[in-house]
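Here are a few exercises to work through with the structure open beside you. Try each task before reading its solution.

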Amino acid sequence: MAEQGRCCDLGALGEQGGAPHWEKSLGTYIGCFSDDGHERTLKGAVFYDLRKMTVSHCQDACAERSYVYAGLEAGAECYCGNQLPAMSVGLEECNHECKGEKGSVCGAVDRLSVYRVEELQPGSRKRRTATYRGCFRLPENITHAFPSSLIQANVTVETCSGFCSQKEFPLAILRGWECYCAYPTPQFNLLDAMDSSLCGQDPEAQRLAEYCEVYQTPVQDTRCTDRRFLPNKSKVFVALSSFPGAGNTWARHLIEHATGFYTGSYYFDGTLYNKGFKGEKDHWRSRRTICVKTHESGRREIEMFDSAILLIRNPYRSLVAEFNRKCAGHLGYAADRNWKSKEWPDFVNSYASWWSSHVLDWLKYGKRLLVVHYEELRRSLVPTLREMVAFLNVSVSEERLLCVENNKEGSFRRRGRRSHDPEPFTPEMKDLINGYIRTVDQALRDHNWTGLPREYVPR
């Protein structure tokens, strides 16, 4: 192991195959490990940064989520976990410099430079804590449902969450002095919460009761985080088509984690790539991805695809989301001046008609469609996602779908309040948009699909 506070043993690197002499870097370097197996060892939080990846950046991301190890790969990729990879290799095999930090080791292709996570750097976001999920009835077979346990006097939420995080379980379950760790399963799916007062008794009474308190730990449910490109080129070229702002990125996150395969894109967005969408860099016609994101419409663009999932979202919500993205990026909000300027009404006038024509064109020219409403995906995630996965001709276990539900938000959801008035639409704008809603609703019915959800038109 390298001495603390240095990137690695400089002398050892020089002796083993002529790798570069790296400069000092923060952190404790554990070693170089192989990462070319079917499943990753460090399966936790994943992100990439093609320009600014540093050791401390990766360490902070892992520390925030209570992981012990941070692994860097190919100069730009960061992975987290609590168990070391099985196969260590020679230090000289990790010879890529971090994209944002000269002199620091960030692995190589299929090679991980693994660091022990240090304390969060000053100014970093705080370490995440356990989140209360509710009071639930205990499953019939506790030993089978809860694979790991800790039983001791005065066990606390923090103790239990820390114990389960270290073992990489997403759920910490408390009943009196008993702490259990688990994944959501068909037998314990967290769908039927009980009255919290049933769990609010003293520890001895809790221990004898049929109920337990459930907390989400800071670590990810890792049963669905492994993703890869298709082993063989797809014979069916599938689009994931939507109007901008309709939740395409979120749907890609769900599809990738449900199927285990990357999605592609008609566009290249470095921000999305850095958030873990590795297929973003792949050529959109490579057929190595399970489906391809597109906002295009028009006969030629549509007929290039053999089939498509057509994702539709309430145009009021879509227009606001896309305006925010255009003005402030994927996670930001447009400023007041944007909403109050001529920019907003001009945007509505041009984009509202596009929302309508996008759906109409895909209904007219699409060869084989699955229509998915964003609102239904939000409301009934697992059943809707099950339909989408079946349409993509992939077999998925119920456990994997529950894992997706447990990781459902991903990294691309705007947080906090909007910075503008909650009603940015004038009566004239509403008349315009409502007309397009009625047109699309009728077109869906004419093509034997269910019409638009009733909440699309303000009432």
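**Exercise 1. A strand and its neighbours**

Which residue stands opposite cysteine 179 in E12? Then work out how E12 is paired and how its side chains are arranged.

Solution. Keep in mind throughout that this is a predicted model.

Step 1: Leucine 150 is the residue facing cysteine 179 of E12.

Step 2: Look at the strands involved. Strand E10 (residues 148-151) runs antiparallel to E12, with four bridges between them. Strand E11 (residues 171-175) is also antiparallel to E12, here over five bridges. Within that pairing, glutamate 178 of E12 has arginine 175 as its bridge partner.

Step 3: Follow the chain from E11 to E12. The two strands make a hairpin with two residues between them, and glycine 176 in the turn has a positive phi of about 65 degrees.

Step 4: Sort the side chains. In a regular strand they alternate between the two faces of the sheet. In E12, Glu178, Tyr180 and Ala182 point one way, while Cys179 and Cys181 point the other way. Strand E12 (residues 178-182) is mostly covered, with five of its five residues buried.

**Exercise 2. The nonpolar cores**

Which residues have the most contacts inside the largest nonpolar core, and which elements supply the core?

Solution. Step 1: This core has 38 residues, and Ile312, Leu319, Trp344 and Phe425 have the most contacts inside it.

Step 2: At least two core residues come from each of strand E17 (307-312), helix H9 (315-328), helix H11 (343-365), strand E18 (369-373) and helix H15 (427-446). H11 gives the largest share, ten residues.

Step 3: Zoom in on tryptophan 344. Leaving aside residues up to four places away in sequence, tryptophan 344 touches Leu319, Val320, Phe323, Asn338, Trp339, Pro424, Phe425 and Met429.

Step 4: Now look for a second core. A separate one of 29 residues includes Leu230, Ala258, Leu377 and Val404.

Step 5: Val404 leads on to helix H14 (residues 398-406), whose buried residues are Arg400, Leu401, Leu402, Cys403, Val404 and Asn406. The buried residues of H14 pack against strand E9 (131-137), strand E13 (211-216), helix H6 (248-259) and helix H13 (381-391).

**Exercise 3. Salt bridges, buried or exposed?**

How many salt bridges are there? For three of them, place the partners as buried, partly exposed or exposed.

Solution. Step 1: The count comes to 19 salt bridges.

Step 2: Glutamate 77 pairs with lysine 278, with their closest N and O atoms 3.2 Å apart. Glutamate 77 is in strand E4 (residues 77-81) and lysine 278 in the loop between helix H7 (270-274) and strand E16 (292-294), so this pair links distant parts of the chain, 201 residues apart. Buried means under 20% relative accessible area. Glutamate 77, at 7%, is therefore buried, and so is lysine 278, at 16%.

Step 3: Glutamate 280 pairs with arginine 252, the closest N and O atoms being 2.8 Å apart. Because glutamate 280 lies in the loop between H7 and E16 and arginine 252 in helix H6, the pair ties together parts 28 residues apart in sequence. Both glutamate 280 and arginine 252 are buried.

Step 4: Aspartate 346 and lysine 342 form a salt bridge at 3.1 Å, N to O. Aspartate 346 is partly exposed at 38%, whereas lysine 342 is exposed at 59%.

Step 5: Finally, find a network. Glu376, Arg379 and Glu455 are joined into one by salt bridges that share partners.

Definitions and conventions:
Residues numbered from 1 in each chain as written. Predicted model: local features only at pLDDT ≥ 70, side-chain atom pairs only at ≥ 80, totals over all residues. Heavy atoms only, no water. Buried < 20%, exposed > 50% of the residue type's maximum accessible area, 1.4 Å probe, protein only. Contact = heavy atoms within 4.5 Å. Core = buried A, V, L, I, M, F, W, Y, C linked by side-chain atoms within 4.5 Å. Pairing = 2+ DSSP bridges. Salt bridge = Lys/Arg side-chain N within 4 Å of Asp/Glu carboxyl O.
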